[in-house]
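Please find below some notes on the model, set out point by point. They take the core, one helix, the main pocket and one residue in turn.

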Amino acid sequence: MTGFARPRGLNHVAYVTRDTAATKRFYTELLGLRLVGYAMDDSVGSTGEPTTFLHTFFEMGDGSCLAFFEIEGVDVDHHESPLPRWAPHIALSLDSLEEVEAARDRLVAAGVEVKGVVDHEGIWSSIYFFDPNGVRLELTYQNRPLNDDDAAAAEKAVKTWADEHGSVTA
């Protein structure tokens with residue numbers, strides 16, 4: 001038996017939808033993901049709560065999935081939060097800057113409001129937009145691999161931030 005070291009990758013990340021059909025159209029027709037699975041029940045397996053739901057899974061090129069719950073009787077905006085709407089988001093990798101630009105053009109042609117291409121310090125080139133559920137998405141191309149210098153700079157930035165802003169673990 002081997003011990004736990006760290007996860008090997010993302011299986012899925014789940015969000016809420018109020019319209020599974022619109023979500024399916026957006027993710028399959030505009031982003032090219034494939035609907036590959038679902039779970040439907042009238043109770044939640046992980047909690048036992050009596051809740052009727054449809055949980056759908058859309059596969060990306062690496063086999064990981066974006067998933068959505070449509071929950072019977074839930075019609076409130078689940079994005080109500082003191083956080084700015086740009087902060088929580090999903091960043092999906094593309095293989096080239098040309099692919100980012102082509103995705104932007106496809107989304108704009110479909111009437112989706114797109115921000116970018118934004119250059120992030122020469123490392124990432126990204127576009128940003130919202131899906132029909134209000135989930136913020138980023139399509140990004142990583143121009144170069146992150147390295148030990150980047151990791152050291154990130155460690156320094158975290159320490160500086162914690163020192164300046166206070167941290168319970170600093």
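1. A nonpolar core is here a set of buried Ala, Val, Leu, Ile, Met, Phe, Trp, Tyr and Cys residues joined through side-chain atoms within 4.5 Å. The model is predicted, and its largest such core has 22 residues. Those with the most contacts inside this core are Phe26, Tyr27, Leu31, Leu107, Phe129 and Leu139. Two or more residues each come from helix 1 (20-30), strand 4 (65-71), strand 5 (89-93), helix 2 (97-109), strand 7 (124-130) and strand 8 (136-142). In soluble globular proteins, nonpolar side chains tend to be buried together.

2. Which residues does leucine 139 touch, leaving aside its neighbours within four places in sequence? The contacts are Leu31, Leu92, Leu94, Val100, Ala103, Leu107, Ser125, Ser126, Ile127 and Phe129.

3. The length of helix 2 can be checked. Its 13 residues should span 18 Å at 1.5 Å a residue, and the C-alpha atoms at its ends are 18 Å apart, so the two values agree.

4. Which residues of helix 2 are buried? They are Val100, Ala103 and Leu107. Because these residues cover an arc of only 65 degrees around the axis, they lie on the same side of helix 2. An α-helix has 3.6 residues a turn, so residues three or four places apart point the same way. The cover over the buried residues of helix 2 includes helix 1, strand 6 (115-120), strand 7 and strand 8. Glu98 and Ala109, on the other side of helix 2, are exposed.

5. Glycine 111 comes just after helix 2 and has a positive phi of about 90 degrees.

6. The largest pocket holds about 440 Å³ of space. Its lining is made up of 20 residues, and Leu31, Leu33, Leu92, Ser93 and Leu94 are the ones nearest its centre. Strand 5 and helix 2 are the elements that give two or more residues to this lining. Which element provides the largest share? Helix 2 does, with five residues.

7. Valine 16 belongs to strand 1 (residues 12-16). Is this residue buried, partly exposed or exposed? Its relative accessibility is 21%, and buried means under 20%, so valine 16 counts as partly exposed. Glycine 32 is 16 residues from valine 16 along the chain, and the C-alpha atoms of the two are separated by 20 Å.

Key:
Residues are numbered from 1 along each chain as its sequence is written. This is a predicted model: local features need pLDDT of at least 70, side-chain atom pairs count only at pLDDT 80 or more; totals for chains, interfaces and linings use all residues. Side-chain values use heavy atoms; hydrogens and water are left out. Buried means under 20% relative accessible area, exposed over 50%, partly exposed in between (1.4 Å probe, protein chains only). Helices (H or I, at least four residues) and strands (E, at least two) are DSSP runs, numbered from the N terminus. Contact means heavy atoms within 4.5 Å. The expected span of a helix is 1.5 Å times one less than its number of residues. The arc is that of the directions from the helix axis to the C-beta atoms. On a 1 Å grid over the protein atoms alone, a cavity is a set of points where a 1.4 Å probe fits but cannot get out, and a pocket is an open set with protein on both sides within 12 Å along at least five of seven lines; lining residues have an atom within 4 Å of a point. Grid points are joined across faces, edges and corners, and a volume is the space filled by probe spheres set on the points.
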